[in-house]
Amino acid sequence: MTSEYKEFEAKSVDEAIVAAMKEFRVPFEELDIKVISEGSKGLFGLMGQKNAKIMARRLNSEDEEVLGRSNQADHEMQGKEVNEVNNDKASVETSNKDMETLLRAKDMLTKVLKLMHIDAESKINVNNYIEITGKGIGIIIGKHGKTLDALQFLINRMVNKGSENSTRIRIDAQGYRKRHVEHLKTIAIRLGQKVKRTGKAISLEKMNPYDRRIIHLALKNDSKVDTKSIGEGLYKSIVISPRKASKS
Amino acid sequence: MKELIEYIAKALVDNPDEVQVREVEGEVTSVIELRVAKSDLGKVIGKEGRTARAMRTLLTAASTKINKRAVLEIIE
């Protein structure tokens, strides 16, 4: 059974999530989290400090199944195939050089985690990405995966320093990314349907290129909507709009 | 915290010997000062400050864990 929502308060959202994970004794991905207040550090850390507040409850596996089933029903209703966006399929061959880079990246990551005093382990997964597991996982992921992205970015920079063709290192923490991809796909499909129903364009919040790609791909085969990235810089927002009849 | 930045910075630059990190500790907030060779400045800052931002994100996450705050300053 899914548990009731419970409130958690801590100095930061991350800490509150960690507290929730401890309370329910489940990993991050089995929690349904709502951020009530992000808290503030106050002026120079002296005055006006406000704690972060979240509501969290435990999800059970049955709920996820129900969710998955309804998704499938939605897809069938639309009578189209949704592209498999999940690129976790292992590349057939990994060259020795790539393997060597991967091992170096893993060592660097282990060292960085240790220096951050985080209780976690990293291992190379069969699909050639590095998976972090352990108690300190909430802190490693961060809000919207921000810390995990920073970690992946830095490790890539560090490991590919001075080499001409760089090997891309992917880092995940207890299946967070996979879960995140599923979540984005669900959102994309749902919003695509809303656009078709209302005939009005919808603008999404700003996202990084990888997340945007998932949204674009999820709606690529839908002949009734268009997706477009709007804005400047790394973070852009996607606008989903109804496709003009003349175009198709 | 000092060791974390030192390790990352040394892995990023061409002249690791010239990496200097100093930690000025306060009660709650400590300031981490990072100095690198002039030619390596771009390596620790990155395109549109992306590398520096990523280091600050990790620093924040690590210091949150020990109920502290840390700021990274890159000294030219």
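This report describes a predicted model of two protein chains, A and B, and the interface they form.

## Chain A

Chain A has 248 residues, and 39% of them are buried. Its secondary structure consists of seven helices and nine strands. The surface that chain A exposes comes to about 15,000 Å², with 51% of that area supplied by carbon and sulfur atoms.

Contacts can also be sorted by how far apart the partners lie in sequence. For chain A, counting contacts between residues at least 6 apart, 60% join residues that are at least 24 apart.

## Chain B

Chain B has 76 residues, with buried residues making up 45% of them. It contains three helices and three strands. Read from the N terminus, these elements follow the order α-β-β-α-α-β, so that a helix begins the series and a strand ends it.

The accessible surface of chain B is about 4,000 Å², and carbon and sulfur atoms account for 45% of this area. Of the contacts in chain B between residues at least 6 apart in sequence, 53% join residues at least 24 apart.

## The interface between the chains

At the interface, 24 residues of chain A are in contact with 23 residues of chain B. The size of an interface is often given as the accessible area lost when the parts come together. Here the two chains bury about 2,400 Å² between them, and 71% of this area lies on carbon and sulfur atoms. Two residue pairs are in polar contact across the interface of chain A and chain B, both at pLDDT 80 or more. The count of salt bridges between chain A and chain B is zero.

On the side of chain A that touches chain B, the elements giving two or more residues are α3 (96-115) and α5 (146-159). The most comes from α5(A), which gives eight residues. By residue class, this side of chain A divides into 13 nonpolar, four polar and seven charged residues.

## One residue in helix α6

A:T186 is part of helix α6 of chain A, which covers residues 176-198. The relative accessible area of A:T186 is 17%, and the residue counts as buried because this value is under 20%.

The side chain of A:T186 also has a partner in the backbone: it reaches the backbone oxygen of A:E182 at 2.7 Å.

Key: Residues are numbered from 1 along each chain as its sequence is written. Chains are lettered from A and ligands numbered from 1 in the order in which they are written. This is a predicted model: local features need pLDDT of at least 70, side-chain atom pairs count only at pLDDT 80 or more; totals for chains, interfaces and linings use all residues. Side-chain values use heavy atoms; hydrogens and water are left out. Helices (H or I, at least four residues) and strands (E, at least two) are DSSP runs, numbered from the N terminus. Buried means under 20% relative accessible area, exposed over 50%, partly exposed in between (1.4 Å probe, protein chains only). A polar contact is a pair of N or O atoms within 3.5 Å; within protein, one must be able to donate a hydrogen and the other to accept it, and residues adjacent in sequence count only if both atoms are side-chain atoms. Contact means heavy atoms within 4.5 Å. Buried area is the accessible area (1.4 Å probe) that two parts lose on being put together, summed over both. A salt bridge is a side-chain nitrogen of Lys or Arg within 4 Å of a carboxyl oxygen of Asp or Glu. Ala, Val, Leu, Ile, Met, Phe, Trp, Tyr, Cys and Pro count as nonpolar, Asp, Glu, Lys and Arg as charged, and the others, Gly among them, as polar. Accessible areas come from the Shrake-Rupley method with a 1.4 Å probe; for residues, only the protein chains shown count as cover.
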